[in-house]
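Before reading on, please turn the model slowly and look for places where the protein surface leaves empty space. The paragraphs below take up the pockets, and then the surroundings of the ligand.

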Amino acid sequence: MALSEAAIKVKTALTEQGLETPMLPQTHTPEARKEKIEHHMKEVLTLMALDLSDDSLMDTPRRIAKMYVDEIFSGLDYENFPKITVIDNKMGVDEMVRVQDISLTSTCEHHLVTIDGYATVAYLPRTKIIGLSKINRIVRFFAQRPQVQERLTQQVLVALQTLLETKDVAVKMDAVHYCVKSRGVMDSTSSTTTTALGGIFKSNPATRAEFLHQSKC
Ligand SMILES: Nc1nc2c(ncn2[C@@H]2O[C@H](COP(=O)(O)OP(=O)(O)OP(=O)(O)O)[C@@H](O)[C@H]2O)c(=O)[nH]1
Ligand SMILES: [Zn+2]
């Protein structure tokens with residue numbers, strides 16, 4: 001399947017800015033990927049001494065393969081980039097558009113455990129306006145990869161800057177990392193905030209403050 005024009009533009013911009021996830025070219029179809037992952041997951045679980053002949057565990061390798069390829073890591077494949085609706089700003093909107101409390105689950109690339117949080121995204125329309133749900137879908141696309149929160153925040157910024165043809169975009173994320181909560185340092189209360197500010201959100205203190213202080217997350 002050919003990639004959409006939006007997917008190609010975003011991928012190119014991320015690569016040029018050194019913000020693309022370290023990835024190899026996709027060499028297998030999704031079905032072939034699932035088969036191979038299932039095979040290797042069987043080995044991993046068997047090495048952990050789990051009895052995969054048990055009826056509750058039997059399908060776990062297949063479930064994990066399907067979950068990786070179709071769900072939590074589907075954002076590694078630009079064929080899954082959301083269909084984007086961008087329209088010309090004929091009505092001349094020039095005030096901040098903000099979508100807040102976008103729920104976000106991702107996966108930490110160091111431990112492959114959950115990152116759970118919220119994103120707030122804002123932009124100042126110039127020539128283009130984007131369908132609101134597409135902002136949530138872009139956040140979700142990049143969240144469905146193994147991630148570090150800083151890169152995820154930047155990827156959403158650059159994707160929107162590219163599609164909206166303006167630098168005036170801001171992204172803030174607040175998330176709990178289960179690699180910090182459920183293992184390792186076992187801190188159950190801390191959360192991490194990251195911001196990526198472009199254009200006027202970076203250069204103008206009032207716009208920056210308006211975004212940072214009014215965003216709930
Ligand atoms: N900057 C950043 N670090 C992250 C993120 N997610 C996880 N990490 C950190 O990645 C680091 C990996 O450190 P290592 O020392 O190699 O791994 P580890 O031995 O499992 O470390 P501990 O978690 O401290 O037990 C840890 O400090 C994690 O907290 C993220 O989104 N951003
Ligand atoms: Zn981690």
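How do the residues of the lining of the largest pocket divide into nonpolar, polar and charged? In this predicted model, that lining is made up of 11 nonpolar, six polar and six charged residues. The pocket itself has a volume of about 530 Å³, and of the 23 residues that line it, those closest to its centre are L24, Q26, R33, F73 and L76. Two elements, α2 (30–47) and α3 (60–72), each give two or more residues to this lining, and it is α2 that provides the largest share, with four residues.

The second largest pocket has a volume of about 390 Å³. Among the 20 residues that line this second pocket, I72, L104, T105, S106 and Q144 are the closest to its centre. Here the elements that contribute two or more residues are α3, β2 (97–108) and α4 (132–143), and the largest share, six residues, comes from β2. By character, the lining of the second largest pocket divides into nine nonpolar, eight polar and three charged residues. Which domains supply at least three residues each to this lining? Both domain 1 (30–76) and domain 2 (85–214) do, so far as the domain assignment draws their bounds.

A record offers another way of dividing the chain: an unreviewed UniProt entry lists residues 37–214 under "domain: GTP cyclohydrolase I". Over residues 37–214 the chain is 39% helix and 25% strand, and the C-alpha atoms at the two ends of this stretch are 44 Å apart.

From here the reader can move to the ligand. Which residues surround ligand 1? They are C108, H110, H111, V148, Q149, E150, H177, C179, V180, R183 and G184. Several of these side chains can be followed to particular atoms of the ligand. A polar side-chain atom of E150 lies 2.8 Å from a nitrogen atom of ligand 1, while an N or O atom in the side chain of H177 is 3.3 Å from a nitrogen atom of the ligand. The side chain of R183, by contrast, places an N or O atom 2.9 Å from an oxygen atom of ligand 1.

The UniProt record can also be set beside this list of surrounding residues, for its unreviewed entry gives C108, H111 and C179 as "binding site". These three positions are spread over 72 residues of sequence, and yet they cluster in space, with a largest C-alpha distance of 7.4 Å. C108, H111 and C179 are also among the residues that surround ligand 1 in the predicted model. One of them, C108, lies in strand β2, the element that gives the lining of the second largest pocket its largest share of residues.

How values were computed: Residues numbered from 1 in each chain as written. Chains lettered and ligands numbered in written order. Predicted model: local features only at pLDDT ≥ 70, side-chain atom pairs only at ≥ 80, totals over all residues. Heavy atoms only, no water. 1 Å grid on protein atoms, 1.4 Å probe; cavity = no way out; pocket = protein on both sides within 12 Å on 5 of 7 lines; lining within 4 Å. Points joined across faces, edges and corners; volume = space filled by probe spheres on them. Nonpolar A, V, L, I, M, F, W, Y, C, P; charged D, E, K, R; others polar. UniProt positions renumbered as here; feature names shortened; annotations may be inferred. Near = heavy atom within 4 Å. Polar contact = N/O pair within 3.5 Å; in protein donor to acceptor, adjacent residues only side chain to side chain.
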